[in-house]
Amino acid sequence: QVQLVESGGSLVQAGGSLRLSCAASGKIFKINAMGWFRQAPGKQRELVATITSAGSTNYTDSVKGRFTISRDNAQNTVYLQMNTLKPEDTAVYYCNALLVRADWNVAVYWGQGTQVTVSS
């Protein structure tokens, strides 16, 4: 069984910062890419940022220069440092991992989501 557990969501004022964490646990052989997605009320889930096992990163345009994704491969953990937050960043943030399980099957897993609310 593989699980992704997120933490760090909160209510913050515009201009503030938050750091999200997501830890993967279970029978994992290797985690390839990890990422963060978000879903605002009434909108589709969108990609925020991704990071490969080698450390290559990708960001959606709206967060470039404000958000930073990083990962600790030894701890199977991915982080999202969010600075200069805006009200439009308000959403449920989901962690995502493309990994190889201990049974050699490749699978995609999602976390349960963590709420980020930015007040104006």
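**Which way is the disulfide of Cys22 and Cys95 handed, left or right, and what is the torsion about its S-S bond?** The torsion is about -80°, so this disulfide is left-handed.

Before we zoom in, some ground rules. This is a predicted model, in which local features need pLDDT of at least 70 and side-chain atom pairs count only at pLDDT 80 or more, while totals for chains, interfaces and linings use all residues. Residues are numbered from 1 along each chain as its sequence is written, and side-chain values use heavy atoms, with hydrogens and water left out.

**View 1. Here is the disulfide that links Cys22 to Cys95.** A search through the whole structure turns up 1 disulfide (a pair of cysteine sulfur atoms within 2.5 Å). It joins Cys22 to Cys95, with 2.1 Å from S to S. Cys22 sits in strand E3 (residues 18-26) and Cys95 in strand E9, so the pair ties together parts that are 73 residues apart in sequence. Strands (E, at least two residues) and helices (H or I, at least four) are DSSP runs, numbered from the N terminus. Cys22 is buried, at a relative accessible area of 0%, and Cys95 is buried with 0% as well. For these labels, buried means under 20% relative accessible area, exposed means over 50%, and partly exposed is in between (1.4 Å probe, protein chains only).

**View 2. Now for the largest nonpolar core and one of its members, Met82.** A nonpolar core is a set of buried Ala, Val, Leu, Ile, Met, Phe, Trp, Tyr and Cys residues joined through side-chain atoms within 4.5 Å. This one has 32 residues, and the ones touching the most other members are Trp36, Leu80, Met82 and Tyr93. Strand E9 (residues 91-101) gives the most to this core, chipping in 5 residues. What does Met82 touch, leaving aside its neighbours within four places in sequence? Its contacts (heavy atoms within 4.5 Å) are Gly16, Ser17, Leu18, Leu20, Arg66, Phe67, Tyr93 and Val116.

**View 3. This open sheet has 4 strands.** Follow the strands across and you get the order E1-E3-E8-E7, with antiparallel pairing. Strand E1 (2-7) and strand E7 (67-72) are the edges, each pairing on one side only. On average, neighbouring strands here are turned by 15° against each other, direction ignored. That angle comes from axes, which are lines fitted to C-alpha atoms (for helices, over the stretch in contact), and angles run from 0 to 180 degrees between N-to-C directions. What holds strands of a sheet side by side? They pair through backbone hydrogen bonds, either parallel or antiparallel. Two strands count as paired here if DSSP finds at least two bridges between them.

**View 4. Strands E7 and E8 make a hairpin, with 4 residues between the strands.** E7 and strand E8 (residues 77-82) run antiparallel and are joined by 6 bridges. E7 has two faces: Phe67, Ile69 and Arg71 are on the covered one, and Thr68, Ser70 and Asp72 are on the uncovered one. Asp72 stands opposite Thr77 in E8. Thr77 is buried, with a relative accessible area of 9%. Its side chain reaches the backbone oxygen of Gln75 at 2.9 Å, a polar contact (a pair of N or O atoms within 3.5 Å; within protein, one must be able to donate a hydrogen and the other to accept it, and residues adjacent in sequence count only if both atoms are side-chain atoms). Leaving aside neighbours within four places in sequence, Thr77 is in contact with Cys22, Ala23, Met34, Ser70, Arg71 and Asp72. In the loop between E7 and E8 you'll find Asn76, whose phi is near 50°, a positive value in a residue other than glycine. Asn76 is partly exposed, at 25% relative accessible area.

**View 5. Strands E9 and E10 pair up too, in the antiparallel sense.** They share 5 bridges, and Leu99 has Ala107 in E10 as its bridge partner. On strand E10 (residues 106-110), the covered face holds Ala107 and Tyr109, while the uncovered one holds Val106, Val108 and Trp110. This hairpin has 4 residues between the strands, and there Trp104 takes a positive phi near 75°.

**View 6. One last loop: Thr84, between E8 and E9.** Thr84 has a phi near 45°, a positive value in a residue other than glycine. With a relative accessible area of 45%, Thr84 is partly exposed.
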